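Got your viewer open? Let's take a walk through the side-chain contacts, one selection at a time.

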Amino acid sequence: MYYYCSICDFAIDLICARKEVVTKIEGIKTHEHSLSLVSKMIMFTCHLCGVLDDRFPYACNLCDLSFHKDCAESTPDINYSCHPKHLLKRLTHVPSYTDGKCCLCENKLHNLFYHCSICNFSVDVNCANNPPDFTLTNLKAHEHSLILMPQRSFVCNACGMDDDPNPYVCPQCNFMIHRNCIDKPRVIKIYRHDHRIYYNHSLDAGDWKCGVCHKKINWTCGAYSCSQCPDLAIHLRCATRFDIWDGVELEGISENTIEVKPYEEIEEGVIKHFSHEEHTLKLKEESDANDEFVWCKACTYPIFSSPSYCCMECDDFSLHKKCAYLPKKKIDSFYKISTTLITDLPAHIKGYYCDVCQNYFQGFRYMSDDDKRIYMDVRCGSISEPFFHESHPHLLYANYSSGARFCKACGDKATMVLSCEECEFDLDIKCSSMPKIVKHENDKDHFLSLCYGDKKRDQCWCDICEETINPGQWFYSCDHCGIDFHIRCTLGDFIWFKPGKHQESSDVHWETSYDVFLNNRATRPFCDCCNSRCKYPTILSFDGSTLCSQQCFAKKLREILS
């Protein structure tokens, strides 16, 4: 991020833009005359360090010499507070026996730095001009004062890491800590856990693994833990990562106790759900596997043989057991924002567009609590980290990457995926919630099962479109009949709409009726958008047109809005 002038081809970063511009340097030890800033970028060779550069030099008009600002203001040697034993000498070339890095900030040494050849201690100009505090007092991290002791190999008592050789030390306690760990927050809320987590100076003895990176935690060092989940512990650095924590310290802030449980338990197996408060729902552990006409109100998918809650008085209200337990409020794993479960569908709304999987849907939805009005279906909105999918042995995490990734399930490009941090596995969001079993017109007697690829096969064919299936990708299969189906040929694009006539509806742009119906007639209709026969299991009739896919539906919407 920087400022730029397109007329002059001039760029300046944010740090330099905020600095006061010094136009004249006087009374320096590097040159007997004053130096003036040259107000344009020129190619010059610094008289002190000998580096050829292209920037704004400071020049002596009498001697025709040019200097870098840091070089001009430097002195031949300095007494340095972090290395009081010896003077540091100014150098312009890095000795071969050093690692070429500043001993304090570990940045690469450039054309000018200060060095002690006796101790092999180097600091760059920035650390020389802005030395760290030698003594720290009144700290949350420790009850005593801490003293800086550079160039010491140590394990930080706060984070358990040994990657920075410049500890702050309490000699009387044998306590050592990184400078960056001193101001660690004590109470935080991370995106990958539902409760607050608290910093502890040590854990109970045992074999602990980090809940974020899954690597070993040194229980004698500090870590975060949850008061409600005794098995959870997280490295300090993992918990405070940019993509894990929102940066808000919660110590001293009362915890929000909003009720997130969506139901009240009346008795064992009987609940009252907040979306259907007028009646109670009774648990059915096993539904009739052949009854495909009982639909879940939340996800608008058939109940099939899944455990479900059914209204004891209404014939048309049922919820999958897992849908009945969806929390009323949660932090979304992708947008990192607070969301609320909405259960009503206003009469004037035909459906919603999920901002995560980019499918149209009906049923319950999660909506962002801010002004952005982000909508997610319950499948995407309920995803929590870590996410487990039976197709992969490792845990998956939300990844919103600017660069396209390829889904292992369907092979499509996607920017919003669930990724494995241990191997190169990416799962598109729409594939993560794919039904494990489905019913299809081409096999009325059996369920089709989701197959996570079959590398043993050389080739297989789709029984619907009669085209080849990539055996390395997912597909549906019937073990009884030995037939296979493409994912899209099996599900279509309107799987999250309940087939059947929908009432006439309107919004600010148009008034129209629509109908999602099963494509089970003797002759398949033609799509009025792409002019091909509709091969998918459900078809959308919209504004008098028959549409076979989401692409055709989107094209029709653009025509209406234009």
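## Salt bridges to start with

A search of the whole structure turns up 21 salt bridges. Keep in mind as you click around that this is a predicted model.

Begin with Arg179 and Asp183. Their side chains meet in a salt bridge, at 3.4 Å from N to O. Switch on a surface and check each partner: Arg179 is partly exposed, at 33% relative accessibility, while Asp183 counts as exposed, at 55%.

Next, select Asp369 and Lys329. The closest N and O atoms of this salt bridge are 2.9 Å apart. Which distant parts of the chain does the pair link? Asp369 sits in the loop between β32 (365–368) and β33 (375–377), and Lys329 belongs to strand β28 (residues 329–331). That puts the two 40 residues apart. Both ends are partly exposed: Asp369 has 38% relative accessibility, and Lys329 has 24%.

Now go to Lys430 and Asp412, another salt bridge, with 3.6 Å from N to O. Here a helix is tied to a loop: Lys430 is in helix α7 (residues 429–432), and Asp412 is in the loop between β34 (396–406) and β35 (413–420). The partners are 18 residues apart. Lys430 is partly exposed, with a relative accessible area of 29%, and so is Asp412, at 37%.

Before leaving the charges, select Lys140, Arg186, Glu249 and Glu251 together. These four are linked in a network of salt bridges.

## On to the rings

Colour the aromatics next: the structure holds 16 aromatic pairs. Zoom in on Tyr80 and Phe121, a tilted pair with 6.4 Å from centre to centre and 40° between the planes. Tyr80 lies in strand β9 (residues 77–80) and Phe121 in strand β12 (residues 121–124), so this pair links distant parts of the chain, 41 residues apart.

Are these two rings buried or exposed? Tyr80 is buried, with a relative accessible area of 4%. Phe121 is buried too, at 1% relative accessibility.

For a bigger selection, pick Tyr353, Tyr360, Phe494, Phe497, Phe542 and Phe553. Ring pairs link these residues into a cluster.

## Charges over rings

Two spots bring the earlier themes together. Select Arg379 and Trp496: Arg379 lies over the face of Trp496, 3.6 Å from the ring centre. Then try Lys439 and Phe447, where the lysine lies over the face of the ring, at 5.1 Å from its centre.

## Last stop: the cysteines

How many disulfides does a search of the whole structure find? Zero. A disulfide is a covalent bond between the sulfur atoms of two cysteines, so let's look at a couple of candidates.

Select Cys529 and Cys552. The closest cysteine sulfur to that of Cys529 is the one in Cys552, but at 4.0 Å it is too far for a bond. The cut-off for a disulfide is 2.5 Å between the sulfurs. Cys529 is buried, at 18% relative accessibility.

Then select Cys548 and Cys530. Why is there no bond here? The sulfur of Cys548 has its closest cysteine sulfur in Cys530, and the 3.7 Å between them is too far for a bond. Cys548 is also buried, with a relative accessible area of 7%.

Key. Residues are numbered from 1 along each chain as its sequence is written. This is a predicted model: local features need pLDDT of at least 70, side-chain atom pairs count only at pLDDT 80 or more; totals for chains, interfaces and linings use all residues. Side-chain values use heavy atoms; hydrogens and water are left out. Rings of Phe, Tyr and Trp (its six-membered ring) pair if their centres lie within 6.5 Å; planes under 30 degrees apart count as stacked, over 60 as edge-to-face and the rest as tilted. Helices (H or I, at least four residues) and strands (E, at least two) are DSSP runs, numbered from the N terminus. Buried means under 20% relative accessible area, exposed over 50%, partly exposed in between (1.4 Å probe, protein chains only). A charge sits over a ring if NZ of Lys or CZ of Arg is within 6 Å of the ring centre and within 35 degrees of the ring normal.
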